[in-house]
Amino acid sequence: MNPPRRKPAPAARLRAFVPDALLPDAHTLLLEHALVVEAGRVAAVVPRAELHGIPVVRMAGELWVPAPVLAHAHLESWDAPSGLWPRETFAEWVRYLLAWRESPDRIEPERAALESLRELEAAGCGLVVCHVGEPRADGTFHDDLLGEEAPRLPEVLALPELFGPAPEEAPALLARLDARPPAAWGGYALHAPYSVSEELARGVFARSRGWSVPVSIHLGEHPEERALLACGEGPLADLLRERGRPLKRSRWPSPVDWLQEVGGLQPGTVAVHGTDLDREEQERLARAGVPLVWCPGTHLYFDRPRPAFGEDGLPLPALGCDSRASNTCLDPLRELRLALALVPGPGPRAWWRALTEGGARAFGREDLGHLRPGALPRILRMPWRPADDALAVCDRLSADASWHPLGPVLEL
Ligand SMILES: [Zn+2]
C-alpha cells in the first residue's frame with residue numbers, strides 16, 4: 001500500500017529560488033526577492049541582493065504563490081453522472097446518489113480516489129481534507145493500481161466518516177474507532193446531524209478532545225436539515241422513513257443547538273457548508289472557535305440562495321470542492337472564482353486568503369497557505385504579468401479563468 005507521495009525533506013543546505021515575483025500572503029507582493037529554503041522549510045524571504053553566495057535558481061517569467069488548501073472533499077464518486085440527477089430537494093439528490101452507488105455502473109472507490117487526486121494535482125492543490133465514506137477511498141493505493149511510475153499526488157488528510165442514525169449502532173462504531181486511534185495528525189468526520197445519532201456524535205467529540213484531533217461535519221447545509229431537526233418533518237424525514245432509518249427523538253431549533261448538545265461546539269470542530277446558517281448562528285460558531293468550510297461549486301450545483309458569509313464582522317469560511325457527485329470538477333482556483341462571483345463583498349484578497357491560510361488554519365496546519373519563514377515550500381507557479389500589484393494578482397487569481405498555473409504544485 002502506498003500513502004500519498006510527498007518528497008522527503010532534503011538535507012540541510014541553503015538554496016535560493018528567485019522568481020520574478022512572490023506573493024507570500026494576500027497582502028504582500030515582492031519583486032527581486034529570493035525564497036530561501038533549508039531542510040524542506042522556507043528559511044527566509046530576502047532581497048536578491050542579500051543572498052551572499054547562496055546558490056540561486058532563477059525562475060524567469062514566474063509568479064510564486066502558496067499552494068491552495070481545499071478544506072473539504074470526498075475522493076470517491078469521481079465518475080458520478082451528477083449532471084443528470086434532479087436536485088430540487090437534497091433528499092431527491094440523495095436518492096439518485098444512493099441508487100448509483102448501489103449499481104455496478106461505477107468504478108471502484110480506490111480508482112475513483114486516484115482519479116480525483118490526479119485531477120486535483122493537475123489543478124494545483126497543495127492539501128485536500130477528505131471525508132472517507134467508502135472503503136479504500138482514503139488516498140492510499142495498492143501498488144498494482146499506481147503502476148511502476150508512482151504519480152505525484154496532493155497531500156491528503158483523510159478523515160474516516162461515520163454514518164449511524166440509529167442510537168444502538170453507536171457502541172459498535174465507537175469500539176471500532178477505539179481499536180484504531182487516529183494517526184499523529186489525523187481526525188474524524190461525522191456525516192451530518194440527520195445521519196448520526198446523538199450517542200455516536202457525543203462519543204466522537206469526546207474522543208476528539210482526548211486525542212486533540214479535529215472533527216469535520218456537514219452542518220447547516222440546507223433547510224431540509226433544519227426542518228428535520230426542528231420539527232421531524234420534510235423531505236429528509238421522508239427519505240429516512242423510506243429507508244427504514246430512525247428519526248430524531250428530540251428537537252433542536254438550530255443545527256448549532258444540536259452541535260452544542262452533542263459536545264461539538266468547541267475548537268477542533270470544523271463545520272462544512274453552513275450555507276443555511278443565519279448570521280447569529282455563524283456568530284455562535286465563530287465565538288466557539290468552530291470554522292466553516294464552503295464548497296461554492298456544490299452551492300452552484302444545487303442553485304442555493306446566497307449565504308450570509310462575508311457580512312460585516314463574520315469570518316469568511318475556508319473553501320472546499322466536495323466531490324463530483326455535487327460538482328462539475330475538482331479545482332481550487334475554480335472554487336475561488338465561484339466564491340468571489342457568488343459572494344463578491346469580501347473581495348479577492350479575502351477569498352484568496354480563505355483558499356490558502358483559511359483552509360490550513362481550520363485544520364491546524366500553520367505551515368501551509370503562506371510562504372513566510374517556517375512554511376513548507378509548496379508552491380503554485382503562475383505566469384507573471386509585470387504590471388500587477390498584490391491586489392491585481394489576487395484579482396486575477398479569483399476572476400480570470402484563462403490564467404492557468406504553469407504546472408502542478410512544486411515542492412522544494
Ligand atoms: Zn461533503
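## What counts as a pocket

On a 1 Å grid over the protein atoms alone, a pocket is an open set of points where a 1.4 Å probe fits, with protein on both sides within 12 Å along at least five of seven lines. A residue belongs to the lining if it has an atom within 4 Å of a point.

This model is predicted, so local features need pLDDT of at least 70 and side-chain atom pairs 80 or more, while totals for chains, interfaces and linings use all residues. Residues are numbered from 1 along each chain, and side-chain values use heavy atoms, leaving out hydrogens and water.

## The second largest pocket

Let's look at one pocket. The second largest has 22 lining residues, and Pro315, Leu316, Pro317, Ala318 and Arg361 lie nearest its centre. Its volume is about 420 Å³, meaning the space filled by probe spheres set on the grid points, which are joined across faces, edges and corners.

Helix H12 (347–362) and helix H9 (279–287) each give two or more residues to this lining; helices here are DSSP runs of H or I with at least four residues. H12 supplies the largest share, eight residues.

## Cysteines without a bond

How many disulfides does a search of the whole structure find? It finds zero, where a disulfide is a pair of cysteine sulfur atoms within 2.5 Å. The closest cysteine sulfur to that of Cys130 is in Cys321, 7.7 Å away, so the two are too far apart for a bond.

Cys130 is buried (under 20% relative accessible area, 1.4 Å probe, protein chains only), because its value is 0%.

Technical notes. Buried means under 20% relative accessible area, exposed over 50%, partly exposed in between (1.4 Å probe, protein chains only).
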